[in-house]
Amino acid sequence: MLLKYDVIVIGGGHAGCEAATASANMGAHTCLVTMDMNKIAQMSCNPAVGGIAKGQIVREIDALGGQMALVTDATAIQFRMLNRSKGPAVWSPRAQCDREKFIWQWRTTLDNTPNLDIWQDQVRELLVENNEAAGVLTIWGVELRAKCVIITAGTFLNGILHIGRCKLPGGRISEPAVEHLTESITRFGIKSARMKTGTPVRIDKRSVHFEDMEIQQGESDFHQFSFMGNHRTLKQQPCWTCYTNPEVHKTLMSGIADSPLYNGQIQSIGPRYCPSIETKLTTFPQKEQHPLFLEPEGETTNEMYLNGFSSSMPIDIQLSAIRKIPALREAKIYRPGYAIEYDFFDPTQLEHSLESKIIKGLFFAGQMNGTTGYEEAAGQGTVAGINAALRCGGSEPFTLHRDESYIGVLIDDLVTKGVDEPYRMFTSRAEYRILLRQDNADARLTERAYKLGIATRDRYDWWLEKKEAVERIINFCHTTSVKPKEINSTLESLGTATLREGCKIADLVARPQITLENISDSILDLKQILNSPQNRKEEIAEAAEISMKYKGYIEREKIIADKMHRLENIKIRGHFNYPEMKQLSTEARQKLTKIDPETLAQASRIPGVSPSDINIMLVLMKR
């Protein structure tokens, strides 16, 4: 059987779903090949979207015309804006989702995307002709031909599951591994290696003593992921917090000899920023407790996710340790935690478009590029899908720069620096994070997405309305004065200095205690413009306020960006004793000691050395 398409996407995870919808929405005849149509966009670990820097990526996907934000808003059961105590450059949305509803919301989206077919099957071989991708062959003997192939196979390539000394082939629990596909790719000179990740036990809610835990409610304000979608409609659920203790640690350490991480059974490297509980104990032996978060898996299910307790220890050790926690003393589990090893491909073999440098028309996206996280995968999938469709039409590639998006930072890090451990995005990885805020993703990307043809006219029109409304508020604040007698009583109540003479509203907004909302009752014209029917009040007012309040910081960041270009001439080898530099992050000290870079510019490109680490070294050198 032979089927012909423009673009074939292999794998129905977060990268694959975004790649398939992006390609199809740009007019390319696309086929998504997945092993199980009932597990489209399965959230293999925590059913949560967003988080530090990850939330910004989801907003960028939405601004580009992608789907993850819309799906998340439709299935969210708890929403929080993280880092609200800090500046807006690092505000990051996060939502706990209903796992099953998330799958079916994505399935509905795919089923209603024009130009997109779904084929349930498993790919076993990549077809290449004249050094260009030509299609794939499946285990059922079906041949799918296409101009471009996007591989988004996640953790399935030669995957091996580990629980204690037991190990079995698998892509994730109860699902088969994909064999032979890696070998059909590497025979053309593309290099692969192995990585490891893991997931915690799942707890039966009915066995938990919630009276011994601290409740953590979500937020109910206007914030959400999509700039367009409806507000949250599902019943919102709380999360809960508790801690490990010395008894838990003692139980876990008693089984360390049977841990595949420490008995030599697992050789590959796991994610630094989502370590297993046994890794935490061996890395931080002096700590007597570690925080745990018990999070719901859905609106109605009793299944709960024990965040912070990822493990591949034997089942009896996992359960015994958990029951040493007072709130979980009678815990019943649905399944144990496990680790998985899988193949990935060195991302330095890719262009910034995510097309292979070795095989033209072949694109890689997601976890198999050495990343970890649904959001990082989805961002790559969006870019790969766009570029595959563009290539089919003979157009120039679409790339994102580091000062334009977190997705641009992510891809640039991957293809220029490579990875030696699973890559996770943080705000600290972006030099220009004041420019890359979660509130202005559409300002950065929607214009480009609309010109490409991936953002819809509705998406573009909404952005134009928002842009005009934000500018209207900013112009009003810069041109409208307020007198002391109008505002002083309000200023005094807010704990900020009163006025001796009139000033522009924008000057007041620059104060940390002042928001547009908390002074609007005293300035009737301001209240009127904030409440005008053209505005979605809260989001537009917030965007305008941030633009005014942080104008100086934005200008300063541009100066810092210029300085970064001069780092090539600053020699640092032999200047620092890195292990003793406590001002730097632990990871930076480790990486700088290992590599011993010649210049500060070289140091800035080392994975794990953040822009703030570079700035510290500049200060220490009095530069």
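This is a short talk through some strands, ring pairs and salt bridges in the structure above.

Okay, hi everyone. One thing up front: what you're looking at is a predicted model.

Let's start with a small sheet. Three strands make up an open sheet, and going across, the order is β4-β6-β5, with antiparallel pairing. So what stands at the edges? That would be β4, residues 48–50, and β5, residues 76–82. Each of those has a single partner strand, so one side of each is left without a neighbour in the sheet. From one strand to the next, the twist averages 15°.

If you want to find the pairing yourself, look at β4 and strand β6, which covers residues 92–97: they pair over three bridges, in the antiparallel sense. Pick Gly-50, and its bridge partner in β6 is Arg-94. Then there's a helix to go with this sheet. Helix α3, residues 68–75, lies across β4, β5 and β6, and it runs at about 115° to β5.

Now over to another strand, β20. That's residues 338–345, and eight of its eight residues are buried. Here's some background: in a regular strand the side chains alternate between the two faces of the sheet. With β20, both faces are covered. On one side you've got Tyr-338, Ile-340, Tyr-342 and Phe-344, on the other Ala-339, Glu-341, Asp-343 and Phe-345, and they're all buried.

Who does β20 pair with? One partner is strand β12, residues 160–163, antiparallel over three bridges. In that pairing, Leu-161 has Ile-340 as its bridge partner. Another is strand β14, residues 192–204, also antiparallel, over eight bridges. There, Ser-192 is matched with Phe-345.

Next, the aromatic rings. A pair of aromatic rings is described by the distance of the centres and the angle of the planes. Searching the whole structure turns up seven aromatic pairs. Take Tyr-273 and Phe-426: the ring centres are 4.5 Å apart and the planes sit at 70°, so this pair is edge-to-face. Tyr-273 comes from the loop between α6 and α7, Phe-426 from the loop between α10 and α11, so the pair ties together parts that are 153 residues apart in sequence. Is Tyr-273 buried or partly exposed? Tyr-273 has 29% relative accessibility, so it counts as partly exposed.

Phe-345, which we just met in β20, has a ring partner too. Phe-345 and Phe-364 form a tilted pair, 5.1 Å centre to centre with 35° between the planes. Phe-364 sits in strand β21, residues 362–364, and the two are 19 residues apart. Phe-345 is buried at a relative accessible area of 2%, and Phe-364 is buried with a value of 2%.

Rings can have charged company as well, so to speak. The charged end of Arg-84 sits over the ring of Trp-91, 4.3 Å from its centre. Likewise, Arg-429 has its charged end over the ring of Tyr-423, 4.4 Å from the centre.

Last stop, salt bridges. Side chains of opposite charge can pair when their charged atoms come close. A search of the whole structure gives 37 salt bridges, and I'll show you a few.

Lys-54 and Glu-375 meet at 3.4 Å, N to O. Lys-54 lies in helix α2 and Glu-375 in helix α9, so parts that are 321 residues apart in sequence are tied together. Lys-54 and Glu-375 are both buried.

Helix α9 comes up again with Arg-391, whose salt bridge to Glu-355 is 2.9 Å, N to O. Glu-355 is in the loop between β20 and β21, 36 residues apart from Arg-391. Arg-391 is partly exposed at 28% relative accessible area, whereas Glu-355 is buried at 11%.

Then there's Arg-402 with Glu-431, where the closest N and O atoms are 2.9 Å apart. Arg-402 is in the loop between α9 and α10, and Glu-431 is in the loop between α10 and α11, so this pair ties together parts 29 residues apart in sequence. Arg-402 counts as buried, at 15% relative accessibility, while Glu-431 is partly exposed, at 24%.

And to finish, which residues do shared partners join into one network? They're Arg-272, Asp-420, Glu-421, Glu-587 and Lys-591, linked by their salt bridges. That's my tour, thanks for listening.

Definitions and conventions. Residues are numbered from 1 along each chain as its sequence is written. This is a predicted model: local features need pLDDT of at least 70, side-chain atom pairs count only at pLDDT 80 or more; totals for chains, interfaces and linings use all residues. Side-chain values use heavy atoms; hydrogens and water are left out. Two strands pair if DSSP finds at least two bridges between them. Helices (H or I, at least four residues) and strands (E, at least two) are DSSP runs, numbered from the N terminus. Axes are lines fitted to C-alpha atoms, for helices over the stretch in contact, and angles run from 0 to 180 degrees between N-to-C directions. Contact means heavy atoms within 4.5 Å. Rings of Phe, Tyr and Trp (its six-membered ring) pair if their centres lie within 6.5 Å; planes under 30 degrees apart count as stacked, over 60 as edge-to-face and the rest as tilted. Buried means under 20% relative accessible area, exposed over 50%, partly exposed in between (1.4 Å probe, protein chains only). A charge sits over a ring if NZ of Lys or CZ of Arg is within 6 Å of the ring centre and within 35 degrees of the ring normal. A salt bridge is a side-chain nitrogen of Lys or Arg within 4 Å of a carboxyl oxygen of Asp or Glu.
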